[in-house]
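Hi everyone, thanks for coming along. I'd like to walk you through one structure, slowly and piece by piece, so please have it open on your screen.

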Amino acid sequence: MAALLHLHPPLSSPPPPPSSSFLSPATTLTHLCSSRTKSTHHFKTPAIKSEPLPPAVETFWKWLSDEKVVSNKSPAKPGLVQEGLGLVAQRDIGRNEVVLEVPKRFWINPDTVSASDIGSLCGGLKPWVSVALFLIREMMRDDSPWRFYLDVLPECTDSTIYWSEEELLEIQVSMISVPDGCLSSLTLMLTTGILARTSNRVPAVETVWYGGVVYDGLTGLPKILHFPAMKFDPNHTFAGTQLLSTTTGVKEYVKSEFLKVEKEIILPNEELFPFPVTSDDFLWAFGMLRSRAFSRLRGQNLVLIPLADLINHSPSITTEDYAWEIKGAGLFSRDLIFSLRSPIPVKAGEQVLIQYDLNKSNGELALDYGFIESRSDRKGYTLTLDISESDANFGDKLDIAESNGMGGTAYFDIVLGRPLPSVMLPYLRLVALGGTDAFLLESIFRNSIWGHLELPVSRANEELICQVVRNACKSALSGYRTTIEEDVELMKGGNLDPRLEIAVGIRAGEKEVLQYIDGIFEERESELDEYEYYQERRLRDLGLVGEQGEIIFWEPK
Ligand SMILES: C[S@@+](CC[C@H](N)C(=O)[O-])C[C@H]1O[C@@H](n2cnc3c(N)ncnc32)[C@H](O)[C@@H]1O
């Protein structure tokens, strides 16, 4: 069960001393969060626990009843479930029946922040940063109007951003000594101009931060990081699962946002922030938003909806339809309400569940919510391809990539059992283009080059991409400390701590996808003699290839 946050004093207590923070320092936070164990495991039919509700949840429900948001006729009520808190049906609920409705005045979004005491300070902030700051401040205020809601927020989830260093070790693959400052895929890059990066291995020349963030244009929240983002030791390089890279990158990102906000807003406005705010507080708020905020609703890009955010996820609900919407409160009201429906029929006493997002990979689920699924289409791996700046044709290749909507670096999300992304092979061929094929880079081909790259260019080019990708997969696979079989054995044994279960599932899934990618390129490699390449296509187009594929030479009469 999710531990509820009880570290702040109850409403009636005197204000906390100025030195206290509502979240304990990192060590305590880590300790409290990592010691959590669940009595049962994910993927089983969610169990409803018969224990009485914690007082904070009862108070929260009473508050909502007093405010007429819910009543004893409400179809669902908070309950203790395997996933922490959840919504439990009070009576049979039909498919698409409304489970709850929450009026706008109970939402927490950037508008709520603008209308608050800190509104004038938060104007220029990213939406998530302003809401995070608001949450932290309300948490620390003794007289917050949001107290009853804040009291039911968990202290953490099983998201990897909350894992201790020790727990993260389970998704750290291995630490490899780097003999010459170069690893095989890098060496290949240097010799071939291709970098197929499958892990966060870089030449161990100096300590570098290597990472990046892709922002969601709407919410300002960072999307999953595809970059390796780790601190590299000059003598060693850490190979990690992609989830580890992403987690490290996200935590770094949150910390850097915190440092900015601390300098520009928190410290200069002591009267509004008369208590220390730590980067752990900020990470907590970030994790809450990431796991609970609804986005892409009518005009609402980032919004916390108390009560509705108690809804848990079910892997077996696969409907694409959104279970929630924002609508007008009624014919004579200009108010808006958030309305949540049950996507499937639910019996009284069962938990109401929804599908969070069918498109997220297990890595994203683990990062955002702290759980994974066993379905194979949740297993993914992001292959990063770069056009090397040291490539003699870098400028031309970049130009071609950019005119086809790509860049000098491209990320390909590969899903187990699914075909490769359609632009991956053309991009690989472009990156590998060289030698006698380089004429295709000339400007007269600029308008037609992408079409040519969609089909095999030459045997040498095709062979090179197979070698590079297979090499990169093998090198990534060799870094994992356990085999898939060992991971499967561990999972079969059952009774794993939820975080270990996530770690084992993630590393096994990544390896499966790496083997899958390797298999695809192994097959391509075996078919190299069967492909038709650019020159043959060209001859055929000119009518110079006979029916049997033989080349028809012009013979003078
Ligand atoms: C929107 S909140 C739902 C309410 C939450 N259970 C609570 O106690 O506050 C999302 C979080 O619930 C938990 N959760 C939801 N669905 C889950 C599932 N199928 N398996 C495990 N945990 C789940 C995860 O901790 C996730 O980050």
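Let me begin with a term we need straight away: a crossing of two helices is called left-handed if the near helix is turned anticlockwise from the far one by less than a right angle, and right-handed if it is turned clockwise. And please keep in mind that what you are looking at is a predicted model.

So, which hand does the crossing of α16 and α17 have? This crossing is left-handed. To find the pair yourself, look for helix α16 at residues 484–493 and helix α17 at residues 498–526. Two packed helices are described by the angle between their axes and the distance between the axes. Here the angle is about 145°, and the axes are 9 Å apart. On the α16 side, the contact is made by Ile484, Asp487, Val488, Leu490 and Met491. From α17 come Val504, Gly505, Arg507, Ala508, Lys511 and Glu512. If you sort this contact by class, you get six nonpolar residues, one polar residue and four charged ones.

Now stay in this area for a moment and look at the loop between α16 and α17, where you will find Asn495. Most residues other than glycine have a negative phi. Asn495 is not a glycine, yet its phi is positive, at about 55°. Is Asn495 buried or exposed? A residue counts as exposed if 12 or fewer other C-beta atoms lie within 10 Å of its own. Asn495 has 9 such neighbours inside 10 Å, so it counts as exposed.

There is another residue with this feature. Asn96 sits in the loop between β2 and β3, with β3 at residues 98–103. Its phi is positive too, about 70°, although Asn96 is not a glycine. Asn96 has 13 other C-beta atoms within 10 Å, so this residue is partly exposed.

Let's move on to the ligand. How many residues surround the ligand? The number is 18, and the closest are Gly84, Leu85, Ser291, Asn312 and Tyr369. Three elements give two or more residues to this shell: β2 at 84–89, α10 at 279–292 and β7 at 312–313. The largest share, three residues, comes from β2. By class, the shell divides into six nonpolar, eight polar and four charged residues.

Strand β2 deserves some more of our time. Five of its six residues are buried, so β2 is largely enclosed by the rest of the structure. Who are its partners? On one side there is strand β1, residues 76–81, which runs antiparallel to β2 and is joined to it by six bridges. In that pairing, Gly79 stands opposite Gly86 of β2. The two strands form a hairpin, with two residues between them. Strand β10, residues 351–354, also runs antiparallel to β2, and two bridges join this pair. Here Val88 stands opposite Gln351 of β10.

Put these together and you can trace an open sheet of four strands, in the order β1-β2-β10-β7, with mixed pairing. Why is one side of β1 and of β7 left without a neighbour in the sheet? Both stand at the edges and have a single partner strand each, so one side of each stays free of a neighbour. For β7, look to β10: the two run parallel and are joined by two bridges. Asn312 has Leu353 of β10 as its bridge partner, and Asn312 is also among the residues closest to the ligand.

There is another open sheet to find. It has three strands in the order β3-β9-β8, with antiparallel pairing. Its edge strands are β3 and β8, the latter at residues 324–330, and each pairs on one side only. On average, neighbouring strands in this sheet are turned by 35° against each other, ignoring direction. Six bridges join β8 to strand β9, residues 333–341, and Gly330 stands opposite Ser333 of β9.

One last stop before we finish: Tyr411, in strand β12, residues 409–415. Tyr411 has 18 C-beta neighbours inside 10 Å, so it counts as partly exposed. Tyr411 and Leu385 are 26 residues apart in sequence, and their C-alpha atoms are 6.4 Å apart in space. Try finding that pair on your own screen. Thanks for listening!

Notes
Residues numbered from 1 in each chain as written. Predicted model: local features only at pLDDT ≥ 70, side-chain atom pairs only at ≥ 80, totals over all residues. Axes fitted to C-alpha atoms, helices over the stretch in contact; angles between N-to-C directions. Contact = placed C-beta atoms within 7 Å. Nonpolar A, V, L, I, M, F, W, Y, C, P; charged D, E, K, R; others polar. Near = placed C-beta within 6 Å. Buried ≥ 20, exposed ≤ 12 C-beta atoms within 10 Å, placed from the backbone. Pairing = 2+ DSSP bridges.
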